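Here is a short tour of a protein chain, starting with a pair of helices and ending with the confidence of the model. Please keep the 3D view open as you read.

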Amino acid sequence: MDSDGTRDARGTHASPVPRPAGPREARSVPPRPAVPPGAPPMPDGSAFLTWLRAPRPDAAPGVWRFGHRPRPEEEPERIPARQLLSGALISFLVGWLVWSLLWNGYLGSWWVLPLELFTPDSWRTGNDRVGNAFLWYGYYTLIAVALLLVVGRLGRWGEVWRRYGPTAWRRALPVAEASPAPEHDPAVWPQLRAAGADAAADRLTSDARAGLMRDVDHARIARAWQGVRSGSHSLAAFTAAVSQDGAAACLHPSGERDLPARFARHDLVTGQVRLGATADDPRNPYLYRGTGLALGPDLLGTSLLAVGPAGSGKTGTLVRPLAESLCLHALAGRASVVVVGAAGAGLGPADAYDIVVRIGHPESVYDLDLYGGTTDPDEAAAILAEALAGDLADPHPGSDSRRSTTVLAQLLGPFRAVHDRFPSVPELRQLLDGAPRSLAALRKALQDAGRESLLRELDARERQMGHPGDAGAVLADRIALLDRPAFAGFFDTSGQSRPFSLTALDHPVRVRIDLPERGHADASRILARLVLAQFTASVALREDRSLFACLLLDDATGVVTPHSVRAIQRLRSAGAGAVLTLRTLDDVPRPLRGPLLGATGCRMALSGLTPWDGQDFADVWGKEWTEARDVTDRQIIAETPAGKAVHVLRRVITGKAPTARAVTVRQVERERWSASELAHGVPPGHAVLSLTTVAGEHAPPLLVDLRGEAARD
């Protein structure tokens with residue numbers, strides 16, 4: 001054992017007397033590791049700084065701006081490689097032949113006449129051999145250079161050099177970006193330094209260089225600084241928080257700084273999430289070909305409608321990446337998001353959300369507020385009527401469900417006045433069914449409280465119950481779908497549960513609502529309409545509209561009503577947006593298809609669309625003027641041996657038979673994408689997408705490739 005109680009590695013006792021090192025021990029000893037074995041490496045901020053300093057030039061709507069290289073709007077004319085290289089070779093051979101004929105005197109001596117006219121005889125015929133050689137060979141060089149310039153221009157040598165020379169090789173290699181100037185370097189926070197918050201800027205800069213800052217931290221602190229600039233927060237409080245906590249300052253209420261896992265590529269500087277790439281297809285504008293496709297709040301603020309059959313990628317390639325992006329925005333304090341879909345639809349892990357409402361699941365922690373958190377009976381009646389009977393209204397843009405709203409208001413108002421709460425689902429069902437005991441108890445309570453005006457409302461409801469066409473019976477049948485044993489513990493109004501209300505969208509909250517699709521399809525559609533109605537009503541009442549609010553509704557079958565179409569149109573001005581997916585437009589009443597496509601600024605038609613659905617998209621995308629060329633080729637027949645030789649040479653250069661071409665150009669108006677092209681011309685894993693920003697910028701319908709960025713639904 002050693003003096004400190006340890007045993008020698010060789011199993012013998014260590015000698016207390018030092019001894020000279022032997023030849024084996026005298027060798028160099030490996031350096032001591034900086035960290036203990038198994039410990040993670042020290043963080044390095046170089047990757048984050050490289051990401052932060054990457055160029056993000058302004059681009060057209062939908063272009064992935066991270067590292068984007070702008071392209072010209074019009075496609076330059078590109079000569080085929082075979083024609084270009086053969087022309088360059090033939091021009092070189094022609095130049096060589098001409099020079100050989102000149103040098104050997106087969107073309108006479110006329111080409112030296114300028115030298116003889118402009119130089120004295122003594123320069124050309126003197127005894128100075130060096131001077132004579134310099135004069136003559138200098139003139140020969142001048143003639144050769146002039147000949148090279150002529151044949152090089154004819155053979156397009158410059159284009160060959162640009163396409164296949166070292167410049168093309170260097171362009172294909174990644175170019176290291178130079179460090180920006182300090183006043184333009186986002187890593188040193190120049191906007192904070194300009195406002196006098198040097199201490200906060202220094203702390204953030206050191207955290208970034210030490211690898212302690214992430215993209216969410218940068219976006220969150222930038223959002224907090226935006227609040228300081230707008231006057232919502234004080235500069236002193238911001239500086240103190242950042243100086244103390246650094247990159248962990250201004251945390252989300254959940255305390256999270258990132259998601260448990262990421263599924264798609266995100267750029268929180270621009271707020272974009274990459275969904276795929278724009279196909280290199282002639283039907284796409286040259287400006288978009290081959291660029292990345294990305295969406296952000298500036299596009300989602302106009303709402304998006306995606307239509308495609310099951311398995312076309314609506315959930316995997318669209319809804320889930322958008323949900324993940326908006327959850328990151330919520331962690332940065334920029335957005336609030338509500339994701340609605342069937343249970344097990346793959347909308348992200350539960351850890352990525354603050355609130356998960358599993359309707360019909362006995363282990364659900366949160367409940368759903370049936371009345372949207374309002375205390376106004378008329379507002380609650382309007383929201384509930386839209387959920388219960390919105391799909392039964394006359395399917396025209398101007399119709400609504402006022403009769404159902406009136407019926408519910410005649411019951412909700414008196415009930416709340418007596419019990420200081422709204423009725424539960426069983427209680428509301430009894431009132432709508434006209435149960436004598438429930439109505440009598442409510443009447444007696446109103447009489448005891450002296451609420452004469454509400455008694456008149458209840459009297460009017462009782463008189464209408466026996467009339468044909470009364471909406472109460474329909475509402476009772478619909479509310480009965482929610483009065484099932486599976487929902488016994490939900491929609492509680494007594495205050496014993498933890499109901500979630502969409503009035504919480506004033507805060508950067510992340511919410512996922514799982515609908516009981518299996519076995520309760522009709523109830524799921526009612527709940528989906530309820531969430532959409534509550535969302536559109538809540539976002540219109542928010543005070544801070546700089547916080548973007550978005551509703552992602554996976555499978556909006558039976559959700560589109562005249563009221564919801566009008567509400568979606570108003571979301572843009574409220575700083576909100578909605579994303580709806582459908583398997584087919586047949587799930588929307590025919591009179592509402594056009595208004596729905598017109599209410600959404602972004603429209604996506606995925607592969608596998610039916611021709612009749614494609615016709616609706618073709619109508620809304622309209623037509624455009626295109627240049628149609630009618631080309632007539634007539635083969636030229638050579639009759640002489642020289643003509644035949646020229647034709648053979650022309651075939652070698654161009655790869656085509658010699659023809660005489662007649663071209664007729666005319667302007668025609670054609671559909672951007674026809675119904676047949678949308679139904680049969682969109683490859684699997686692709687979609688046709690048109691975009692509109694909240695600022696009014698448009699992108700034409702683009703053929704985009706959604707493969708490789710996400711999994712299928």
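Let us begin where helix 2 (residues 81-103) and helix 6 (residues 157-164) meet: their axes come within 9 Å and cross at roughly 130 degrees. Because an angle of that kind falls in none of the parallel, antiparallel or perpendicular ranges, helix 2 and helix 6 are oblique to each other. Their crossing is left-handed. On the helix 2 side, the residues that take part are Ala 81, Leu 84, Leu 85, Ala 88, Ser 91 and Phe 92, while helix 6 brings Trp 157, Glu 159, Val 160, Arg 163 and Tyr 164. Sorted by class, this contact between helix 2 and helix 6 has eight nonpolar, one polar and two charged residues.

This is a predicted model, so the backbone deserves a friendly second look. Most residues other than glycine have a negative phi. Two residues here are worth finding on screen, and the table puts them side by side.

| Residue | Phi | Place | Relative accessible area |
|---|---|---|---|
| Arg 156 | about 55 degrees | loop between helix 5 (129-154) and helix 6 | 44% |
| Trp 189 | near 55 degrees | loop between helix 7 and helix 8 (190-194) | 1% |

Neither Arg 156 nor Trp 189 is a glycine, yet each has a positive phi. Their surroundings can be told apart: Arg 156 is partly exposed, whereas Trp 189 counts as buried.

Is Gly 472 buried or exposed? Gly 472 is buried, because its relative accessible area of 1% is under the 20% cut-off. This glycine sits in helix 19 (residues 471-480). Beyond its neighbours within four places in sequence, Gly 472 touches Val 407, Leu 432 and Arg 461. For a sense of scale, 66 Å separate the C-alpha atom of Gly 472 from that of Asp 44, a residue 428 places away along the chain.

Finally, a word on confidence. The protein chain has a mean pLDDT of 85, with 90% of its residues at 70 or more. Over residues 1-27, however, the pLDDT is below 50, and the model gives this stretch nine contacts beyond near neighbours in sequence. Among the elements, strand 4 (residues 304-307) has the highest mean pLDDT, 97, and helix 7 (residues 166-172) the lowest, 65. Residues 172-176 also stay under 50, and the model has one contact for them beyond four places in sequence.

Note on methods: Residues are numbered from 1 along each chain as its sequence is written. This is a predicted model: local features need pLDDT of at least 70, side-chain atom pairs count only at pLDDT 80 or more; totals for chains, interfaces and linings use all residues. Side-chain values use heavy atoms; hydrogens and water are left out. pLDDT is the predictor's confidence in each residue, from 0 to 100. Helices (H or I, at least four residues) and strands (E, at least two) are DSSP runs, numbered from the N terminus. Contact means heavy atoms within 4.5 Å. Buried means under 20% relative accessible area, exposed over 50%, partly exposed in between (1.4 Å probe, protein chains only). Axes are lines fitted to C-alpha atoms, for helices over the stretch in contact, and angles run from 0 to 180 degrees between N-to-C directions. Angles under 35 degrees count as roughly parallel, over 145 as roughly antiparallel, 65 to 115 as roughly perpendicular and the rest as oblique. A crossing is left-handed if the near helix is turned anticlockwise from the far one by less than a right angle, and right-handed if clockwise. Ala, Val, Leu, Ile, Met, Phe, Trp, Tyr, Cys and Pro count as nonpolar, Asp, Glu, Lys and Arg as charged, and the others, Gly among them, as polar.
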